[in-house]
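Reader: I am new to this structure and would like a close look at a single part of it, one pair of neighbouring strands and what lies around them. Please go through it slowly, and then place it beside other parts of the chain.

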Amino acid sequence: MTQLITDATTFADAAITGFVAANERYVRRVDGGVVRSTVIPDGRVAVVVGGGSGHYPAFSGLVGPGLAAGAVCGNIFASPASGQVYRVSKAVERGAGVLLSFGNYAGDVLQFGLAEQRLRSEGFDVRSVAVTDDIASASADEIEKRRGIAGDLTVFKVAGAAAEAGKSLDEVERLARHANARTRSFGVAFSGCVIPGATEPLFTVPEGVMAIGLGIHGEPGIDEAPIPTAVDLATLLVGRLLTELPDGVAAAGSRAVVILNGLGTVKYDELFTVFAAVTDELTQAGVEIVAPECGELVTSLDMSGISLTLFWVDDELEELWNAPADSPAYRKGAITAERDTAIETVADAVRTVSDAASAEQQAAAQTALDLLRVVHQTVLDGEEEFGLIDAIAGDGDHGIGMARGVTGALAAGEQVVADSGGVIRLLAEAGEGWSEHGGGTSGALWGIALTGAGTQLAAEPALDAPAVARAVRAALDAVQKLGKAQVGDKTLVDSFVPFVETLETAVSAGTDLSTAWADAASASTAAANGTADLRPRLGRARPLAEKSLGHPDAGAISLARIVTSIGAQLATGASTTTEKEDK
């Protein structure tokens with residue numbers, strides 16, 4: 001992506017630091033993202049947006065009066081962690097509730113959902129609206145499965161304007177959903193993007209060819225075609241969008257906000273040539289163009305590509321779209337806001353679990369930490385492989401996300417042991433660490449799995465093999481409750497379920513934990529390899545199901561690899577114990 005030497009692990013954080021330094025008039029930094037540096041009046045609904053970094057101006061560039069109160073910033077192309085969403089939301093809540101809005105990606109849905117639950121448990125009124133504008137990512141019959149791309153802007157702008165006007169949370173939510181229902185987008189790419197630290201693009205496009213229907217995280221397109229002229233590209237984009245109109249909309253005589261979005265390296269002059277042809281196509285179709293935008297609005301690092309968004313407005317939506325806004329990257333009309341001189345610092349609400357750690361609990365914590373170190377090394381060893389598997393039909397970030405997550409979990413576990421804490425606290429805080437640092441779907445699922453296992457162990461009278469089996473079952477239940485995946489969906493659940501069932505059966509039959517775990521790991525590995533024959537039904541790989549066939553699921557493979565390494569460590573411990581007994 002860049003000619004400069006950068007550290008991939010700190011790139012996103014450094015970028016946010018520089019962004020804030022360059023835009024202190026608009027934003028200030030909080031742990032997890034950025035918030036307005038101007039006064040947010042009491043009784044004002046707080047609109048909080050967010051997602052992975054790498055999409056500027058989305059999401060941090062859209063914070064300011066008339067737009068978002070705060071933006072949560074995850075790592076590059078990875079959803080932010082629930083703790084980040086929680087802290088940014090707490091920083092901007094002013095007594096009228098919070099609207100969370102984000103692109104409809106599995107990791108974002110899970111992490112923002114967890115934050116919503118946490119905020120609600122503390123008495124805050126919180127709503128969520130996931131943007132679903134990309135017509136390439138699902139059929140009209142499954143519109144709720146579509147991902148959010150440049151249509152983010154229309155939903156965020158309408159919600160922000162409604163909040164700025166002093167409307168209630170009910171109304172802000174209704175209008176955001178109304179805007180989402182009337183927004184449609186479609187895009188193409190001429191080359192893939194390279195994430196910081198990588199040497200190859202997430203996907204490649206043959207010379208002279210464009211990918212059709214791409215995503216903004218480097219997901220490959222659903223089709224390919226020769227690169228057309230600007231006029232022919234406009235015909236393609238407009239034609240695709242006019243084949244699917246929102247309910248109650250007919251092209252002729254309707255009003256539409258037109259957004260032609262550059263994805264990273266298509267320059268403005270070239271965008272303008274396409275925009276001219278787009279306006280001709282729409283005018284011929286009888287569409288009245290309202291307050292259009294042409295430029296970089298939701299990007300994908302250095303991807304070369306273009307997307308077209310049509311936002312079909314009625315009177316109330318048009319009024320909100322045209323309302324004043326003032327943010328680092330998007331301005332409209334004139335709006336004033338007083339600088340906030342009474343800036344509060346929102347402390348990181350670190351989750352702690354109080355346990356009067358017995359000697360047994362402390363010993364178990366040390367054992368768990370030893371296993372976590374093995375898992376950490378296993379994930380680091382497989383990071384590149386997991387990413388390559390994920391890149392076949394996804395965005396290729398599974399390895400990076402897993403490495404960040406397990407590193408955060410290990411750091412949390414080491415602190416617990418240093419504090420003489422017990423295994424229950426270790427699992428809870430390691431889960432929080434995995435979620436916080438990993439972000440994305442894997443961060444949410446592994447975080448909730450560790451937390452679920454710890455919660456179950458807290459209710460166990462003894463830390464024996466049956467207790468471990470019940471804790472692992474609790475971890476699976478937590479993952480399925482949060483992620484909604486079932487066997488056959490081509491996710492980590494496909495390898496998790498046979499692992500748990502095999503472990504439970506063996507332990508119930510009286511098999512020692514080490515042997516039972518090894519048998520369960522073998523079942524998990526076989527099931528993970530078997531996911532190569534499945535078509536994905538959830539997640540980013542779902543729109544590219546045919547490309548995924550013949551390749552296993554990255555999440556299933558990484559889980560099987562992890563439980564196998566734990567099994568090897570348990571066997572080593574069992575062998576050592578046997579040798580001591582023989583002596």
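Author: A good place to begin is one pair of residues: Val 98 has its bridge partner, Val 126, in β6. This and everything that follows is read from a predicted model. The bridge between Val 98 and Val 126 can be set within the pairing of β5 with β6, two strands that run parallel to each other and are joined over six bridges. Between these two strands the chain passes through helix α3, residues 106-121, and the β-α-β crossover that takes it from β5 to β6 is right-handed. As for how far β6 is covered, five of its six residues are buried, so that the strand is mostly covered under the cut-off of 20% relative accessible area.

The pair belongs to an open sheet of six strands, whose order is β1-β2-β4-β3-β5-β6 and whose pairing is mixed. At its two edges stand β1, residues 27-30, and β6, residues 126-131, each of which pairs on one side only. From one strand to the next, the twist averages 25°. At the edge formed by β1, the neighbour is β2, residues 33-36, and these two strands run antiparallel, joined by four bridges; there Val 27 stands opposite Arg 36 in β2. The parallel pairing of β5 with β6 and the antiparallel pairing of β1 with β2 thus both appear in a sheet described as mixed. In general terms, the strands of a sheet pair through backbone hydrogen bonds, in either the parallel or the antiparallel sense.

Two helices lie across this part of the sheet. Helix α4, residues 152-164, lies across β2, β3, β5 and β6, and its direction makes an angle of about 170° with β5. Because angles over 145 degrees count as roughly antiparallel, α4 is roughly antiparallel to β5. Helix α5, residues 169-181, lies across β3, β5 and β6, and runs at about 10° to β6. With angles under 35 degrees counted as roughly parallel, α5 is therefore roughly parallel to β6.

Beyond this sheet, strand β7, residues 183-191, is also mostly covered, seven of its nine residues being buried. It pairs in the antiparallel sense with β12, residues 304-313, over eight bridges, and in that pairing Thr 183 stands opposite Phe 311. β7 is likewise antiparallel to β8, residues 209-212, with two bridges between them, and here Val 188 faces Ile 212.

Further along the chain, helix α9, residues 359-391, packs with helix α10, residues 398-418, at an angle of about 170° and with their axes 7 Å apart. That angle makes α9 roughly antiparallel to α10. The residues of their contact comprise 14 nonpolar, seven polar and four charged ones.

Two single residues can close this look. Ser 558, in helix α17, residues 554-582, is buried, with a relative accessible area of 0%, and touches Phe 386, His 398 and Met 402, leaving aside residues up to four places away in sequence. Thr 9, in the segment before α1, counts as exposed at 57% relative accessibility, while its C-alpha atom is separated by 8.2 Å from that of Gly 197, a residue 188 residues apart from Thr 9 along the chain.

Key:
Residues numbered from 1 in each chain as written. Predicted model: local features only at pLDDT ≥ 70, side-chain atom pairs only at ≥ 80, totals over all residues. Heavy atoms only, no water. Pairing = 2+ DSSP bridges. Axes fitted to C-alpha atoms, helices over the stretch in contact; angles between N-to-C directions. Contact = heavy atoms within 4.5 Å. Parallel < 35°, antiparallel > 145°, perpendicular 65-115°, else oblique. Nonpolar A, V, L, I, M, F, W, Y, C, P; charged D, E, K, R; others polar. Buried < 20%, exposed > 50% of the residue type's maximum accessible area, 1.4 Å probe, protein only. Right-handed = clockwise from strand over helix to strand, strands pointing away.
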